[in-house]
Amino acid sequence: MDFLTQVWAKAATTTDTLPPAVVLPDAKPVEDTNTTKASKDSAPPNKERKEWGYDLYPERRGEAFKPKWTRVLFGLEGQENIDRYKCEQNVYWCVKNGPLVKLMMGALRSSGCPMDLRRHISCEVCDPSVTGGYDPLLNQIVVCQNMAKNKSMVHGVLTHEMIHMFDYCNNDLDFRNVDHLACTEIRAANLAHCSFLSAMMQGDASPFNIKEAHQNCVKSKALASVLAVRNITHEQAVAAVERVFPKCYADLEPIGRRIRRNSTDQQKAFMEAPMYGYDVY
């Protein structure tokens, strides 16, 4: 029996074409996700914004962030300008030094979608349940300055979201299609996040299922991401992930390998990029 089916019961086989949302990277299990954002003119009403995850990125729609005085007193808010500056510093460091970020930027450039830091990456205040996102309508990556606080987190966010950007550039990705959304989330979790250690921390691995641990981790993360930005049942989300999993899990472009934690895999992938026809920075 499939892993997700075991956890959440038998999946239904319905696929809905849904409005765009924002695609996110690592978020908390309740809402670990990825969504798509619509332009200001096409932004849905408040009820739909909450229903589809638009409210996770308030600054995307031109709303100014208003810190709460109670959180300011405890030092949790009120330093947004400083946080943005630090976030932009971390983004710049990752672009100059992060192997996977440099690889992805080269792959995007080779695919006809070159990146400009000032245009395609934005540090913003987000809902605490997410660390970043990809806005396909603006072709822009969001790094959540209030959540991605260090270089390692920013590197993970950028790599994850650049995989969504790569899919959007190369594969005619349609975020309104739940199968497409599930596929790109599977690829991002597969290439940028999951390892045996992260699977252990999620509870998806044990000494008795080492071989399946990575696949289970990828399925869990992809499922959480789909559920965070789609108002569908667990069964519908499970069905979408299971439908596309074999093909999308096997697709390792453009990184070319699954990255193991505490290894030299990131450096190896970066050095191998020219062998697959990708530029390197």
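## Asp265 and its salt-bridge network

Asp265 counts as buried, because its relative accessibility is 2%, under the 20% cut-off. In this predicted model, Asp265 forms a salt bridge with Arg260, and the closest N and O atoms are 2.8 Å apart. Arg260 has a relative accessibility of 54% and therefore counts as exposed. The bridge thus has one buried partner, Asp265, and one exposed partner, Arg260.

The pair belongs to a network of salt bridges that links Arg257, Arg260, Asp265 and Glu272.

## Other salt bridges

The search of the whole structure gives 11 salt bridges. One of them joins the side chains of Asp279 and Arg109, with an N to O distance of 3.4 Å. This pair links distant parts of the chain: Asp279 is in the segment after α12 (265–272), Arg109 is in helix α5 (residues 99–110), and the two are 170 residues apart. Asp279 has a relative accessible area of 33% and is partly exposed. Arg109, at 35% relative accessibility, also counts as partly exposed.

Arg243 forms a salt bridge with Asp179, where the closest N and O atoms are 2.8 Å apart. Arg243 lies in helix α11 (residues 234–250) and Asp179 in helix α8 (residues 178–192), so this bridge ties together parts of the chain that are 64 residues apart in sequence. Arg243 is partly exposed at 35% relative accessibility, whereas Asp179 is buried, with a relative accessible area of 16%.

## Aromatic pairs

Five aromatic pairs are found in the whole structure. Among them, Tyr134 and Tyr168 form an edge-to-face pair, with 6.0 Å centre to centre and 65° between the planes. The pair links distant parts of the chain, with Tyr134 in strand β2 (residues 132–135) and Tyr168 in helix α7, 34 residues apart.

Tyr134 counts as buried, at 0% relative accessibility. Tyr168 counts as partly exposed, at 32% relative accessibility. Ring pairs link these two tyrosines, Tyr134 and Tyr168, with Phe175 into a cluster.

## Charges over rings

Two residues are placed over aromatic rings as follows. The charged end of Lys219 sits over the ring of Phe245, at 4.8 Å from the ring centre. Arg258 lies over the face of Tyr249, and here the distance from the ring centre is 4.0 Å.

## His155 in helix α7

His155 is located in helix α7, which covers residues 151–170. Helix α7 also holds Tyr168 of the aromatic pair described above. His155 counts as buried because its relative accessibility is 11%.

Leaving aside residues up to four places away in sequence, His155 touches Cys94, Gly98, Pro99, Leu100, Val101 and Gln266. Of these contacts, Pro99, Leu100 and Val101 fall within the residue range of helix α5 (residues 99–110).

## The chain as a whole

The secondary structure of the chain consists of 12 helices and three strands. The chain has 281 residues, of which 51% count as buried. Its accessible surface comes to about 13,600 Å², and carbon and sulfur atoms account for 54% of that area.

Among contacts in the chain with a separation of 6 or more, 66% are between residues 24 or more positions apart. The Asp279–Arg109 bridge, at 170 residues apart, the Arg243–Asp179 bridge, at 64, and the Tyr134–Tyr168 pair, at 34, are examples of links between distant parts of the chain.

Technical notes:
Residues are numbered from 1 along each chain as its sequence is written. This is a predicted model: local features need pLDDT of at least 70, side-chain atom pairs count only at pLDDT 80 or more; totals for chains, interfaces and linings use all residues. Side-chain values use heavy atoms; hydrogens and water are left out. Helices (H or I, at least four residues) and strands (E, at least two) are DSSP runs, numbered from the N terminus. Buried means under 20% relative accessible area, exposed over 50%, partly exposed in between (1.4 Å probe, protein chains only). Contact means heavy atoms within 4.5 Å. Accessible areas come from the Shrake-Rupley method with a 1.4 Å probe; for residues, only the protein chains shown count as cover. Rings of Phe, Tyr and Trp (its six-membered ring) pair if their centres lie within 6.5 Å; planes under 30 degrees apart count as stacked, over 60 as edge-to-face and the rest as tilted. A charge sits over a ring if NZ of Lys or CZ of Arg is within 6 Å of the ring centre and within 35 degrees of the ring normal. A salt bridge is a side-chain nitrogen of Lys or Arg within 4 Å of a carboxyl oxygen of Asp or Glu.
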